[in-house]
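Student: I have a model open and a list of terms to test. Can we go through them one at a time?

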Amino acid sequence: MADIEITYNGVDVSDEVEVARCVHQTHAWGAADWLDIEFADSDALWDAWGPAAGDVVSAACGTASTGAMHVRRVARRDGRVAMRAYAMPAAMFEPRLRSWDSVRLLQLVAQLAGECGMAWAAAGVADRRYGQVDQPNVASSAFLARRLSLEGASLMAFGGRLTAVSCSSMQELSPSVALVVESGSDYETRDIGPAAWGACTVRCGRHSGTFRAGEGPGRTVELPYAATGDAEAARWAAGLLRRANREARTMTLRDAPFSGRLTGGCTARIECEDAPSWDGVHVAAMVRHDYVAESTTARLSRFLEGY
């Protein structure tokens, strides 16, 4: 097993603990990144430390790092201490009921990040102004992820920073890693082909708009949001079309050699010996690193063109 560095509440405890399990999963499309980690505790060391929800843990192994992860659950079983932690603090998962008038998109990002003690950033996201925005008693993380998806963007968190990222800007990134999928590797490709949405129409009260980007079937979506006009509804239709089709063509690699530079939202260059039609650069939609088994599982999405 490779050396795994552990920091707990700002203290390096690598030499004092024994890691029995360490699985870190990251995402590109707004789902919360999580960490499952277990420690052997036959000497009751963790029992003396008293780990609890709200603590901060991080793990690193070679080029891979979880960044700061906020502990949500702690369980003790069979001489082990198990923790589930997330890249966002608990406050981001609390339902809130409120509304804003004449508010900008990045103002929402900044406010919600500040409320849970996180920094924030944006990459390729236009700072749209809305007439009215409601958070209808849902978690702040889900509310912000949905709002960003309307604008063709995604919510990501790492190392105490909340970032709004344009999905098209993800596709412009230089590949973080090159992966050779050798013959006999455990992989699966999925292409929904003609079932992918060809167009989306959004209706918001008296306003509506359509965006088309293919020959597939069209879909109409009724949104409970206030749009400022038909142009905004059409822009949201483009965002929803991207959300519907972003994993229309995917390759899933299972238990591949550990690739620490591969994370959700980055790009990877694929060379597949058995299926060269899948060669090229993909967005990492989901990446799961097993630090103990030294393996990586990833779902990689083909680029979308034009939206």
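**Cysteines, cores and cavities**

Tutor: Start with the cysteines. This is a predicted model, and the count of disulfides in it is zero.

Student: How do you know that cysteine 61 is in no disulfide?

Tutor: Compare the distance with the cut-off. The nearest cysteine sulfur, that of cysteine 22, is 8.1 Å away. A disulfide needs two cysteine sulfur atoms within 2.5 Å. Therefore cysteine 61 does not form one.

Student: Why is cysteine 61 called buried?

Tutor: Its relative accessible area is 7%. Buried means under 20%, so cysteine 61 qualifies.

Student: And what makes cysteine 116 buried?

Tutor: Apply the under 20% rule again. Cysteine 116 has a relative accessible area of 14%, so it is buried.

Student: Which residues touch the most other members of the largest nonpolar core?

Tutor: Ile6 and Leu162 do, in a core of 65 residues. Helix 2, residues 105–115, gives the most to this core: six residues.

Student: What does isoleucine 6 contact, leaving aside its neighbours within four places in sequence?

Tutor: Its contacts include Val11, Val13, Val17, Val19, Ile37, Phe39 and Val57. Asp12, Ser14, Ser58 and Ala59 are also among them.

Student: Which residues does the second core include?

Tutor: Met251, Ala275, Trp278 and Val287 are among its 16 residues, and this core is separate.

Student: Next term. How many cavities of 30 Å³ or more are there?

Tutor: Two. The largest holds about 50 Å³ of space, and the second largest has a volume of about 40 Å³. Set each against the cut-off of 30 Å³, and both count.

Student: What lines the largest cavity?

Tutor: Trp29, Cys167, Gln171, Arg242, Arg246, Val283, Ser301, Arg302, Phe303 and Leu304. Helix 4 (167–171) and strand 22 (295–302) each supply at least two residues of that lining. By class, the lining has five nonpolar, two polar and three charged residues.

Student: What lines the second largest cavity?

Tutor: His27, Ala31, Ala32, Asp33, Met88, Leu155, Met156 and Ala157. Strand 12, residues 153–158, gives the most to this lining, with three residues. The classes here are six nonpolar, one polar and one charged.

**Single residues and a helix**

Student: Why is tryptophan 34 called buried?

Tutor: Its relative accessible area is 14%. The limit is under 20%, so tryptophan 34 is buried. Tryptophan 34 lies in strand 4, residues 34–40. Beyond four places in sequence, it touches residues including Val23, His27, Met69, Tyr86 and Arg288.

Student: How far from tryptophan 34 is alanine 85?

Tutor: Their C-alpha atoms are separated by 5.7 Å, although the two are 51 residues apart along the chain. Ala85 is also one of the residues that tryptophan 34 touches.

Student: What makes helix 3 mostly covered?

Tutor: Nine of its 11 residues are buried. Among them are Phe143, Leu144, Ala145, Arg147 and Leu148. The cover includes helix 2, strand 9, strand 11, strand 12, strand 13 and helix 5. After helix 3 comes glycine 152, whose phi is positive, near 70°.

Student: What is notable about the phi of alanine 44?

Tutor: It is positive, about 60°, although alanine 44 is not a glycine. Most residues other than glycine have a negative phi. Alanine 44 sits in the loop between strand 4 and helix 1.

Student: Why is alanine 44 called partly exposed?

Tutor: Its relative accessible area is 35%. Partly exposed lies between the 20% and 50% limits, so the label fits alanine 44.

Student: Is aspartate 255 buried or exposed?

Tutor: Exposed, with a relative accessible area of 57%. The cut-off is over 50%, so aspartate 255 passes. Aspartate 255 is in strand 19, residues 249–257. Its phi is positive too, near 50°.

Student: Last one. What makes arginine 129 partly exposed?

Tutor: Arginine 129 has a relative accessible area of 42%. That falls between 20% and 50%, so it is partly exposed. Arginine 129 lies in strand 11. Leaving aside neighbours within four places in sequence, it is in contact with Ser102, Val103, Arg104 and Glu232.

Methods:
Residues are numbered from 1 along each chain as its sequence is written. This is a predicted model: local features need pLDDT of at least 70, side-chain atom pairs count only at pLDDT 80 or more; totals for chains, interfaces and linings use all residues. Side-chain values use heavy atoms; hydrogens and water are left out. A nonpolar core is a set of buried Ala, Val, Leu, Ile, Met, Phe, Trp, Tyr and Cys residues joined through side-chain atoms within 4.5 Å. Buried means under 20% relative accessible area, exposed over 50%, partly exposed in between (1.4 Å probe, protein chains only). Helices (H or I, at least four residues) and strands (E, at least two) are DSSP runs, numbered from the N terminus. Contact means heavy atoms within 4.5 Å. On a 1 Å grid over the protein atoms alone, a cavity is a set of points where a 1.4 Å probe fits but cannot get out, and a pocket is an open set with protein on both sides within 12 Å along at least five of seven lines; lining residues have an atom within 4 Å of a point. Grid points are joined across faces, edges and corners, and a volume is the space filled by probe spheres set on the points. Ala, Val, Leu, Ile, Met, Phe, Trp, Tyr, Cys and Pro count as nonpolar, Asp, Glu, Lys and Arg as charged, and the others, Gly among them, as polar.
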